[in-house]
Amino acid sequence: MDLVAGRVYADERRPIRHIDGFLLLVTTILLLLGFILIYSATNQTLRLDRLDPFARVNRQMVTAVIGMVLLLFMATFDYRFLKVYAGFIFVGVLLSLVLVHVPFLGSSEAGAQRWFEFAGGAGGLQITPSEFAKIGLIVMLAASLSELKRDTPTVQDLIRICGIALVPLMLVFIQPDIGTSIVFVAIAGGMLLVAGVRGRHLGALLAISLVMIAAAFQLGVVKEYQLDRLRAFIDRENTPADVRYNLDQAEIAVGSGGLFGQGYLHGRQTTLDYVPEQHTDFIFTVAGEEFGFVGAVFVLTLFALLLWRSIRIAFLSKDPFGTYLATGVAVMFAVQMFVNIGMVIGIMPITGIPLPFLSYGGSSMLVSCMGVGILLNVHMRRFK
Amino acid sequence: MERSGSRLKILAFVVAFMFVALSTRLWFLQVLAGPQHDRDARDNSLRTVATDALRGDILDRDGRRLVHNRISLEVRIKRDELGDEAEATLAHLSEILGVPAQELGEELDTKLFYSYQPVPVAEFVSEEVFFKVREEPEKFQGVEVVEQSVRSYPQGSLAAHLVGWVGQINAEEIDDPLFAGYGPADLVGKAGIEATYERWLRGKPGEERFLVNSDGEVLREFDPRPAEPGHDLRLSLDLDVQRIVEDELAAGLRRARTVFDASTGRNLAANAGAVVVLDPNTGGIVSMTSWPTFRPSWFVRGLSPEQDHYLNASEAAPSLSRATQITYAPGSTFKPFVALAALKEGLATMGGYYDCPADYVHPGDESGTIFHNWDGVGAGSLSIAQGLKVSCDTQYYQWGSDFYFRDAQTNQEELQRRVKQWGFGQPSDVDLPAEAAGTVPDRKYVTEHRARYPDGWIPGIDILLAIGSGEMKATPLQVAQAYAALASGKLCRPHLVSRIEDGEGRVARKIGGRCRRIPYTEAELNYIREALRSVTTGGTASSVFAPCSLDVAGKTGTAERPPFQDTSWFAGIVPAERPEYVVVATVEQGGFGAETAAPIVRNIMSRIYRTPCEGPALGEAED
């Protein structure tokens, strides 16, 4: 065994040497920024209720620590094991999506059956299976796509892949959770794109989805409040005040930030609690109001770096399965970021998608961390 | 895998597009529209509650109060503090106020106020209500009883038309840029000097500002800006004279109603009248009144249906000021100004004599129109002064006719131009709202009112104008202004307010008459004044003034006003030697000037100068 071969061997045996430190750094900065924003969004309200102003941030930190553990776990074993167990993972995810509809197991809010509640109450742990289903779907699609015989998937391949994606999509859609459905569609679409599906096939898929969306509206599957949100987006002037309120307050918050922001903990809208759901779906308003255009662009830059690394990893991977995995994760981040921030600043309708790493909330955070773990994994083991 | 590489580039491109879209939108939202959103954020969280400023007082020339403020208790409801017990609270409130709870509920259902602004539901409540609400705050959550200042009129109905009234701002006013910064419950001057000097009287409302969160909880209270009280108005009005004037006008009208009017076959109606007392040297209004009248205090609590009908729907129209808002033909009181015009334009001289026949026919007129002298009798040949003394009409018809011919040559409208020099035909710019301008019929007027002048510009217009008749119209104030100019040689803007003072009595603004000389020589003016003096010593008003030792230069006037009875006029200057007051009285359907108006003026002068007259206050039927 010559020296060079020994080096190569050592490299292959110790993938930690190829860890994407930059991706890890960006992720860490995003997590820390999340704490800062969540503290600003929640401390005044907690104070008014005579609660610990750090209560929410502390909880988020605990979640982040669990997330980091999950991230590292997802990076340790060879990602190709995921391909082996893709079927199991996928079935498990589907099962949880079904179980969440069982009344005494799943919890609901505003008529949507979305999560499992453990240890009950506000301090308890909520698991939202649809979040984890994103990872399950990415893994399953990556496994299926990487097994295709030809470089360009045939129509049969396409139908099979779409069939796979459609099952969790329908389950999430009927919860109803349109936001997550959109993410599912985007993940599937993005991965099919990278898998080399012909342009006209992609076009046909798009047409079919449009027909299905129209059908969903016609058949009354789409709930009234969802229609209201859509109307609010299309025609802001003539929407009911309560629907409009959220959009208006978010826009005022971001807009009043100006170029440099009102200063940390000094945003009027933020400190006076004018933006509903500010610490969760509307967390970006804190950055916009208190740090201004400069701060908002800084946040965008962090996401841009994250996505650059993700796509780069997909590009670098020598293994189609790795490429598809990284693509799926990249699309997941990109769509969530775009739809969330776009909704906050009024160029997308309200859908209720959390902003990765920044929004308060357990499942979203854990899934985002898992996504980064997968990316790191693919990057470390890209040579094989 | 090459394919997936190129496809990844497409993906990267799509992602890059997302960032471009988001950054562009952010730039628009935060940098371009930033200032607007900043204001919106401020409006969101800053609650401003205006506190009322104390309205200024209105004082007479000696500082006696005509209008001031007193405290009334007002019940207000803060809707956002009513809580879940709203119905119970309204029920309790209805019990102590004696107002149905349903009515209170309706009052609350208003869009005039923001939800955080207290809505007034009852005014002038007793102190008992105040104590009940204070003793049981748990029953009256969101209810407050606050002191509210309201207008008070210690002189009763005195000078009602001058003072005017205040009322709640209406929907039109609140949209008017003139009333920018007014709240929906604010009081504004609606008539009289309350309206003219609104911006001085009002003061500057104070402001209490709070920072509130989205639940409406007050997080911080900023230093309040206290209200600045309004300015006080010091009038040229003399309360003593005003009392005399109102008293004598009412008495004169009562007297006139006992007089039989031969031309209509019934007693004089004397249904309305006005008196103006001016200081000829400054233009200050010493007194002014209009009858019928009303009480400004009616408006404080809101009009009762009877009051509302009387003020706004009755034929009496008591809210109209006959002194400034209604015009009448001035009749013979107009003659001095025509005489001066004739002098100035060379139609007559001070030494000349002019025929005063019983009738006058315009030369060349074939329509058969005959202009009669008022008494239907001729008086031979008279000087200008003698003509004024007996109020000869036919002399003036002749001058009117002469002016017509002069005008036909020069096209200069000499007569109209001359009489306008005394303020006729244009608003006097008195500091009272809705002043009538009056009319001097000239070519322009005739052209604009074709229907009234089917024959166009004819000699009759000038002939009637010469005796202050026909379409010639003036307010009593305009006549007083012209006589004041005759007395002093200068035309002054009549004004009621002489100075505006701040709360400490410091003068914030002095208001003068902006007097200017009139283009007549002292000799000419003196000649006319002497002529007018003879009116009270041996002329048409001599029977009225004979029993008095007053030195008065004056002129009677009787203006036809078909189908009504004649308008009775008298304009007097006292003392004629060194004029201090000009007193003008006008009585609608009051008959001859010497009959009704002259006695009113005589009695007013006699009481001002405390020189009792010995004869009865009834004049004779003379123009």
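**Strands and contact side of chain B, and helix 4 of chain A**

I'll start in chain B, at strand 9, where B:Arg220 is the bridge partner of B:Leu211. This is a predicted model, so please take what follows as computed from it. B:Leu211 falls within strand 8 of chain B, residues 206–212. Strand 8 and strand 9, residues 218–221, are antiparallel and share 3 bridges.

Strand 8 of chain B also pairs with strand 1, residues 46–51. That pairing is antiparallel too, and it has 6 bridges. One pair to look at there is B:Val49 with B:Glu208 of strand 8.

Next, the contact between the chains. On the chain B side there are 32 residues, and they meet 39 residues of chain A. Which elements of chain B give two or more residues to that side? Helix 1, residues 2–32, and helix 2, residues 34–45. Helix 1 gives the largest share, 20 residues. By type, the chain B side has 16 nonpolar residues, 10 polar and 6 charged.

Last, helix 4 of chain A, residues 80–99. Its 20 residues, at 1.5 Å each, should span 28 Å, and the end C-alpha atoms are 28 Å apart, so the two agree. There is a bend in this helix all the same, of about 60°, at A:Ala86. A:Ala86 is also buried, and so are A:Leu82, A:Lys83, A:Ile89, A:Phe90, A:Val93, A:Ser96 and A:Leu97. What covers those buried residues? The cover includes three helices of chain A: helix 5, residues 129–146, helix 6, residues 155–173, and helix 13, residues 320–344.

How values were computed:
Residues numbered from 1 in each chain as written. Chains lettered and ligands numbered in written order. Predicted model: local features only at pLDDT ≥ 70, side-chain atom pairs only at ≥ 80, totals over all residues. Pairing = 2+ DSSP bridges. Helix = DSSP H or I, 4+ residues; strand = E, 2+ residues; numbered from the N terminus. Contact = placed C-beta atoms within 7 Å. Nonpolar A, V, L, I, M, F, W, Y, C, P; charged D, E, K, R; others polar. Expected span 1.5 Å × (residues − 1). Bend = angle between axes of the 7 residues up to and from the residue. Buried ≥ 20, exposed ≤ 12 C-beta atoms within 10 Å, placed from the backbone.
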